[in-house]
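Open the model in your viewer and keep the selection panel at hand. The tour moves from strands to a helix pair, then to a single residue.

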Amino acid sequence: MSLTPFAADQFENARILVVGDLMLDRFRYGSVSRISPEAPVPVLHIIREQKMLGGAGNVLANIVSLGGRAGLIAAIGSDDAGRLCSELIAGKGGDPALLVESPTRPTTLKTRFISGSQQLLRCDEEDSSPLPETLEDRIIAHFDRALGDYDVVALSDYAKGLLTDRVLRHAISRCRDMGKPVIVDPKRRDFSAYAGATVIKPNRSELAAYSGLPCRDLASSATAAALAMETTGAALLLTLSEDGMALFRPGREIAHLHATATEVFDVSGAGDTALAIFCAGIASGLEMEDAALVANAGAGAVVRKLGTATLSGTELAHAVADLADTGKETEQPAPGAICTVEEAVQVVRAWKRDGLRVGFTNGCFDIVHAGHIQILRQARARCDRLVVGLNSDASVSRLKGPTRPVQSEASRAAVLAAMGAVDLVVVFDEDTPHSLIERLLPTDLIKGADYKEDEVVGADIVKSNGGAVHLIALLPGLSTTAAIARVRERQESSAPENV
């Protein structure tokens, strides 16, 4: 499998129509410090609440976050949750007119209670009975009207009643007639309802429930996948949790895509992210195996986030690059090392992949003084790892004049690397660290408060990628230039007079 370099804007022309079960995901975050005196249960003190699109709505949210365009055909209730879903969809560029409102069915609402990064409880409010025929008619009419504007159809089946036999048959048949790929995320035990689809994306337990086989490993899963392909005529993209994904196609070898996540914070919505990325990949012209590879990389990245999360195009591009780098036998430098730009890129990606905040500051650091120590310590307090960009000797000479630097870049880098506040030192040869910041994409950019935020090189890059800029107060009267001037003055004043 060979995937050309993946760009952050790869999916900007992808157009996907999502049809399925919409829900509102509500997360209530708090802290637990005691057990209830009424029952042996923790007492959660609520600190904040977050509401976002879930289910088929999360598929739409992921497509939009990746730069694509999506429409969503779904059902909502005549309630506050339904109205909020409509507003959220409109805010993401979707058309709320594609939603069907039911006066008798509530909008599906899932509420999760979380302490720290631990989910304590989930409460579901829903009606999972099949849609009545009148609502089926409206769903089908919306589908026929919208289909021509999209390249791929995603059927997001959460078994909440929208994808009835009639809706499934009509949608798949129309897609086949118009030559449009249809990708199904299934919940039914009987996959024959999805016959005619292009790809079905079950997880291991869903495939086991359909086939009656254990699906404990790739071999037993392959047998079950063969049964599903024979029944449906579709390829299967099987998600295998900690074992990654496997793509099964009739008459083709199995493509096993190994898992990329090293640490999992929350799997909420990870399947939606994988479906969105795979559909966007197909819509943008990727081969099926490459689309699966990118989806696997994205799923591995999103589970490191808490809640029903999405990925940006930039985050996905980094995840794909990380996946490509795992096959290289290059030894990464340890934290605290002096490294090249390429080495630093790999280390920073690994840190960010593990959910760490990576700070960046830069300078000449010709003669390290208390002001430098102040900035480095306070910079490190604002992140989990601190990278220092160090101007090369040639760069310092251009900026400060031919008598600088006093210390060589090797000596200056060694001093910085020995400091406890510094995790990585990178020497750069340009006059500014702009290109280095573009490569590293730190989450936090730190400079002295003698700058204004709009004067800080790279501030726009960091902020546009969701990062923060911090300005650290300087200790008065301290600078390398002033220190060197004082040394020279003393040398001149103590020199013997010519006699």
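Two strands count as paired if DSSP finds at least two bridges between them. Keep that in mind for the first stops. The model is a predicted one.

**Whole chain**

Start with everything shown. The chain carries 16 helices and 19 strands. It has 499 residues, and 50% of them count as buried. Now consider the contacts between residues at least 6 apart in sequence: 70% of these join residues at least 24 apart.

**Stop 1: strands 2 and 3**

Select residues 22-35, which are strand 2, and residues 42-55, which are strand 3. The two run antiparallel, joined by 13 bridges. They form a hairpin, with six residues between the strands. For one rung of this ladder, pick Met 23 in your selection; its bridge partner in strand 3 is Gly 54.

**Stop 2: the other partner**

Keep strand 2 and add strand 6, residues 108-115. Which sense does this pairing take, parallel or antiparallel? Strand 2 and strand 6 pair in the parallel sense, over eight bridges. Pick Leu 24 next: Leu 109 is its bridge partner in strand 6. While side chains are on display, recall that in a regular strand they alternate between the two faces of the sheet.

**Stop 3: helices 7 and 8**

Clear the selection. Take residues 270-283 for helix 7 and residues 288-302 for helix 8. Their axes come within 8 Å and cross at roughly 150°. Angles over 145 degrees count as roughly antiparallel, so helix 7 and helix 8 are roughly antiparallel to each other. The crossing of helix 7 past helix 8 is right-handed.

Now show the side chains between them. Helix 7 contributes Ala 270, Thr 273, Ala 274, Ile 277, Phe 278, Gly 281 and Ile 282. Facing them from helix 8 are Met 288, Ala 291, Ala 292, Val 294, Ala 295, Gly 298, Ala 299 and Val 302. Colour this contact by class: twelve residues are nonpolar, three are polar and none is charged.

**Stop 4: Arg 204**

Finish on one residue. Select Arg 204, in helix 5 (residues 204-211). Is Arg 204 buried or exposed? Its relative accessible area is 16%. The cut-off for buried is under 20%, so Arg 204 is buried.

Show what surrounds it. Leaving aside neighbours within four places in sequence, Arg 204 is in contact with Cys 215, Arg 216 and Ser 221. Its contacts also include Leu 238, Thr 239, Leu 240, Ser 241, Glu 242 and Asp 243.

Terms used. Residues numbered from 1 in each chain as written. Predicted model: local features only at pLDDT ≥ 70, side-chain atom pairs only at ≥ 80, totals over all residues. Heavy atoms only, no water. Helix = DSSP H or I, 4+ residues; strand = E, 2+ residues; numbered from the N terminus. Buried < 20%, exposed > 50% of the residue type's maximum accessible area, 1.4 Å probe, protein only. Contact = heavy atoms within 4.5 Å. Axes fitted to C-alpha atoms, helices over the stretch in contact; angles between N-to-C directions. Parallel < 35°, antiparallel > 145°, perpendicular 65-115°, else oblique. Left-handed = near helix turned anticlockwise from the far one by under 90°. Nonpolar A, V, L, I, M, F, W, Y, C, P; charged D, E, K, R; others polar.
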